[in-house]
Amino acid sequence: MIDLKHYEVWFVTGSQNLYGPETLEQVTFHSQTIASALDDVKAIPVKIVYKPLVTTPEEIYNLALEANSAKNCIGLILWMHTFSPAKMWIGGLQVLQKPFVHLHTQFNRDIPWAEIDMDFMNLNQSAHGDREFGFICSRMRFERKVIVGHWQDENVLARLGTWTRAACGWHDAQTARFARFGDNMREVAVTDGDKVNAQMRLGYSVNGYGVGDLVRYVNEVSDSEIDRLVRDYDEQYVVAAELRSGGDRHPSLRDGARIEMGMRHFLEDGNFQGFTTTFEDLHGLTQLPGLSPQRLMAEGYGFAGEGDWKTMALVRAMKVMSAGLPGGTSFMEDYTYHLNPDGMKVLGAHMLEVCPSIAAGKPSLEIHPLSIGGKDDPVRLVFDSKTGPAVNASIVEMGNRLRMVVNAVDTVGPDAPLPKLPVGRAVWAPQPDLKTAAAAWIYAGGAHHTCFSLDLTAEHLEDFATIANMEFLLIDKATTISGIRKELRWNDLYYHLAQGL
Ligand code: MN
């Protein structure tokens, strides 16, 4: 399971030596107070670490180098309590490799109308100090998040928490290793792409393995390991009678357990954070892996089917970003529509591999035929998802850049039970409505595969895209077709000009 508690965000306050030591002592005290309060906030899943004031170009530069090499530091919160002349920041910001968020706050919430004097004015200057810092960030063309408000304001804390989760996802991606069993589903366009470009821009590395390499691990799994997994299944799921010990399909359940354990050993040995499979390359496996990707996703591994490594890496990033939250996050595909004018919606699912973290109740473990892959019937978990607000996210390659497309949706559940549909699934109404959302998605070139999350919001994904310097397109209540078509055209021009070669 993914644990974000060992990650650190450094709380850094900028100032200068103009004000004299007494003022700087007060600035230090205020900064320590805020950092310590943020560290106690439940909505912020990482440690907030106070760092001594920076007041000179050398201190800022050295702090940036220290942050770059600190393994657990995933980013910085920057705040200019007083005025921190921003030419001092150029050198440090040029070498800083960790993301930062600009917190535009001040120590006092209210102006003390009756007491305010020039000493107070000398100390509490972030209203203009942060603007000087904002200028240099904009002048240097830094994409970043700016959060405005008092440091005890719930909305400010929630937005800081959101950003720290995005920064965790980014940090994980920088060293992530992903395995592909087999290549892409043949002739599919959107799931293919440039893995060198992805590694340069997003950090993670993706490499292919012959399915035989996996089969060797699968064949080495011991009977006692399989026994242990089967007991685990009995505890966690409603296991179909035919799959239980003594049932006539029990050997298929043991095959599924063997594949799961072999995959787990392979992934652990190679220190991988995610993987893809493809039904076109299963030599030596008895079933298309269904239950195993479901369970490995629930443990935090990235996964996508049909060799779709970009979606798999996004699933992993969103698993990291949502760690510890109760809703669930899964590989997903817009599968089929309900086009009834009384309430249009999407049924999302996949052939097998939907993560049970989104399940509303205890999933049932079943076996059914599968029309693709040409293998034995695969075992799989079947469930309806929880309901509530969610997002679908996709990353596609536009040739000269990566584009993230996000649709905010309301997960509503099916109108009636689905007794004959043997897969995990979610039913949602896209924002602003199905017709607009699907048209906007198609104009944007969003993939048919997505990562679906009941834990994350569009803001988490926008923060991630900002850190990654990636195009971000949001389809939500405010979206219109003419609006998004203009945005797409303008973005084409912007990225062509801004990125050059
Ligand atoms: Mn698919």
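## Briefing: metal site, helix contacts and loop residues

N271 has 48% relative accessibility and therefore counts as partly exposed, since that class lies between the buried limit of under 20% and the exposed limit of over 50%. The model is predicted. The points below cover a manganese ion held by E306, H350 and H449, a contact between helix 2 and helix 3, a contact between helix 10 and helix 11, and several residues in loops.

**Manganese site**

- Three residues coordinate the manganese ion: E306 through OE, H350 through NE2 and H449 through NE2. The distances run from 2.1 to 2.2 Å.
- Along the sequence, the donor residues follow the spacing E-x43-H-x98-H.
- H350 sits in the loop between strand 12 (345-349) and strand 13 (364-367), and H449 belongs to strand 18 (residues 449-453), so this pair ties together parts that are 99 residues apart in sequence.
- H350 and H449 are both buried.

**Helix 2 and helix 3**

- Helix 2 (residues 57-69) and helix 3 (residues 87-95) have axes that come within 7 Å of each other and cross at roughly 15°.
- Because of that crossing angle, helix 2 is roughly parallel to helix 3; the cut-off for this class is an angle under 35 degrees.
- The crossing of helix 2 past helix 3 is right-handed.
- Helix 2 contributes P57, I60, Y61, A64, L65 and N68 to the contact. From helix 3 come M88, W89, G91, G92 and V95.
- By class, the residues of this contact are 8 nonpolar and 3 polar, with no charged residue.
- E59 also lies in helix 2. With 33% relative accessibility, E59 counts as partly exposed.
- Apart from neighbours within four places in sequence, E59 is in contact with L53 and V54.
- The C-alpha atom of E59 is separated by 58 Å from that of L285, a residue 226 places away along the chain.

**Helix 10 and helix 11**

- Helix 11 (residues 291-298) is mostly covered, with 7 of its 8 residues buried.
- Those buried residues are L291, S292, P293, Q294, R295, L296 and M297.
- The axes of helix 10 and helix 11 come within 8 Å and cross at roughly 45°. Helix 10 is therefore oblique to helix 11.
- Helix 10 passes helix 11 in a crossing that is right-handed.
- On the helix 10 side of the contact are I259, E260, M263, R264 and L267, and on the helix 11 side are L291, S292, R295 and L296.
- The residues of this contact comprise 5 nonpolar, 1 polar and 3 charged.
- G300, just after helix 11, takes a positive phi of about 115°.

**Loop between helix 10 and strand 9**

- N271 is found in the loop that joins helix 10 (250-269) to strand 9 (274-276).
- N271 is not a glycine, although its phi is positive, at about 50°.

**Loop between strand 6 and helix 7**

- E187 is located in the loop between strand 6 (177-181) and helix 7 (195-202).
- Although E187 is not a glycine, it has a positive phi of about 70°.
- E187 counts as exposed because its relative accessibility is 84%.
- A189 is found in the loop between strand 6 and helix 7. At 65% relative accessibility, A189 counts as exposed.
- A189 and A447 are 258 residues apart along the chain, and their C-alpha atoms are separated by 9.5 Å.

**Cis peptide bond**

- The peptide bond running from Q431 to P432 is cis, and its omega is near 0°.
- P432 lies in the loop between strand 17 (426-430) and helix 13 (434-444).

Note on methods:
Residues numbered from 1 in each chain as written. Predicted model: local features only at pLDDT ≥ 70, side-chain atom pairs only at ≥ 80, totals over all residues. Heavy atoms only, no water. Donors = N, O, S within 2.8 Å, 3.2 Å for Na, K, Ca; no water. Helix = DSSP H or I, 4+ residues; strand = E, 2+ residues; numbered from the N terminus. Buried < 20%, exposed > 50% of the residue type's maximum accessible area, 1.4 Å probe, protein only. Axes fitted to C-alpha atoms, helices over the stretch in contact; angles between N-to-C directions. Parallel < 35°, antiparallel > 145°, perpendicular 65-115°, else oblique. Left-handed = near helix turned anticlockwise from the far one by under 90°. Contact = heavy atoms within 4.5 Å. Nonpolar A, V, L, I, M, F, W, Y, C, P; charged D, E, K, R; others polar.
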